[in-house]
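Dear colleague,

Please find below the structure that I am passing on to you. My notes on it follow directly after.

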Amino acid sequence: MSKPRVAFFDFASCEGCQLAIVNLEEAIIDVVGLIDIVSFREAMKEHSEDYDIAIIEGSITRPMDVERIKKIRAQAKILITIGACAHLGGVQRLANQWTPEENKAEVYHRHPGGTEHTTDANKFFNQPRQRAVDEVVKVDAAIPGCPINGTEFAKVLLALLQGKSLPIPDYPVCVECKKNENICVFELGKVCMGPVTRAGCDSACTNRGHECEGCRGLVSDPHMKAQTDVLEKYGLTADDILRRKTTFTYRYEEEAQAQKGGE
Ligand code: SF4
Ligand code: SF4
Ligand code: SF4
């Protein structure tokens, strides 16, 4: 039986998630024997349009991106996204708070020589908005994080190939943070999204005394699954934290606003 053919594609992104895969060593060994990688710009020159599994990095920005992702979806039997850009729209989604004209004025008119780039700026900024991949096409699995955890990528791909359920946790980062015996950053006067953010990074940021910024997105129901003991201790609700930080989670804010508008 032939092995599934895997191709990687990048949209608006820094390509850091693909790099996390390139840098995998032992963790990928269980997977590489089961697949044929036919396209992976960061790691090889060859490219093929004949693939079964598409792995997508980056957010959908331009009308040409919409056409391209739909074409990829039509070809792929399985489509997996990697990273917060593809999963949530990335940090770049914060641009959706303003009109394309306002963004262009902010970026180009405030910087010396910026207006020299006006023609290119018009091309780039004349876009409706940043979107996550699953807002445009069906996604079979989303691997969260900025960047992704390469080991989690290998485990999810293996589970998909074996028809097993996906090993992506649905509990908050606080669980991992407590296991790691960290001092809660709320004690340091910082605001942490750990109580509402999906675990799986082994509390990478709070282990170093930094706040969680929510790069893995929210647990499936942040009002029900939040780490209530931490919230209660600091006199907070899930909504309080959601309002304070939107670096990676502006998608949820937009969805809440859209829901209110539709009521
Ligand atoms: S999720 Fe982060 S690391 Fe991955 S492509 Fe986007 S910005 Fe880069
Ligand atoms: S709020 Fe942040 S620092 Fe505190 S326990 Fe949760 S993840 Fe750790
Ligand atoms: S602690 Fe939060 S921001 Fe840091 S990697 Fe984990 S989910 Fe992302």
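Helix 7 buries Gly150, Glu152, Phe153, Ala154, Val156 and Leu157 in this predicted model. The helix has twelve residues, which at 1.5 Å a residue should span 16 Å, and the 17 Å between its end C-alpha atoms agrees with that. Just after helix 7, Gly163 adopts a positive phi of about 70°.

Phe153 also belongs to the residues with the most contacts inside the largest nonpolar core, together with Ile53, Ala54, Ile55, Ile56, Ile82 and Ile143. That core has 38 residues. Two or more of its residues come from each of strand 1 (5-10), strand 3 (53-57), strand 4 (78-82) and strand 5 (141-143), and likewise from helix 1 (16-22), helix 3 (63-75), helix 4 (84-88) and helix 7 (150-161). Another core, of 16 residues, lies apart from it; Cys174, Met193, Cys212 and Leu242 are among its members.

Within the largest core, Ile82 may be a useful residue to inspect. Leaving out residues up to four places away in sequence, Ile82 touches Cys17, Ile55, Ile56, Glu57, Ile143, Ile148 and Phe153.

Two ligands deserve a separate description. The shell around ligand 1 consists of Ser13, Cys14, Glu15, Gly16, Cys17, Glu57, Gly83, Ala84, Cys85, Gly90, Cys146 and Pro147. Helix 1 and helix 4 are the elements that give two or more residues to this shell. Its composition is six nonpolar, four polar and two charged residues.

Ligand 2 is surrounded by 16 residues, of which Cys174, Cys177, Cys184, Cys192 and Gly194 are the closest. Helix 8 (residues 173-179) supplies the largest share of this shell, with four residues. By class, the shell around ligand 2 has ten nonpolar residues, five polar and one charged. Cys174 thus appears both among the closest residues to ligand 2 and in the core of 16 residues.

A final point concerns Ile241, which is found in helix 11 (residues 238-244). Is Ile241 buried or exposed? Ile241 counts as buried because 24 C-beta neighbours lie inside 10 Å. Apart from its neighbours within four places in sequence, Ile241 is in contact with Val191, Met193, Pro195, Val196 and Leu236. Of these contacts, Met193 is also named in the core of 16 residues. Ile241 and Ala141, by comparison, are 100 residues apart in sequence, and their C-alpha atoms are 27 Å apart in space.

With kind regards

Notes:
Residues numbered from 1 in each chain as written. Chains lettered and ligands numbered in written order. Predicted model: local features only at pLDDT ≥ 70, side-chain atom pairs only at ≥ 80, totals over all residues. Buried ≥ 20, exposed ≤ 12 C-beta atoms within 10 Å, placed from the backbone. Contact = placed C-beta atoms within 7 Å. Core = buried A, V, L, I, M, F, W, Y, C linked by C-beta atoms within 7 Å. Expected span 1.5 Å × (residues − 1). Near = placed C-beta within 6 Å. Nonpolar A, V, L, I, M, F, W, Y, C, P; charged D, E, K, R; others polar.
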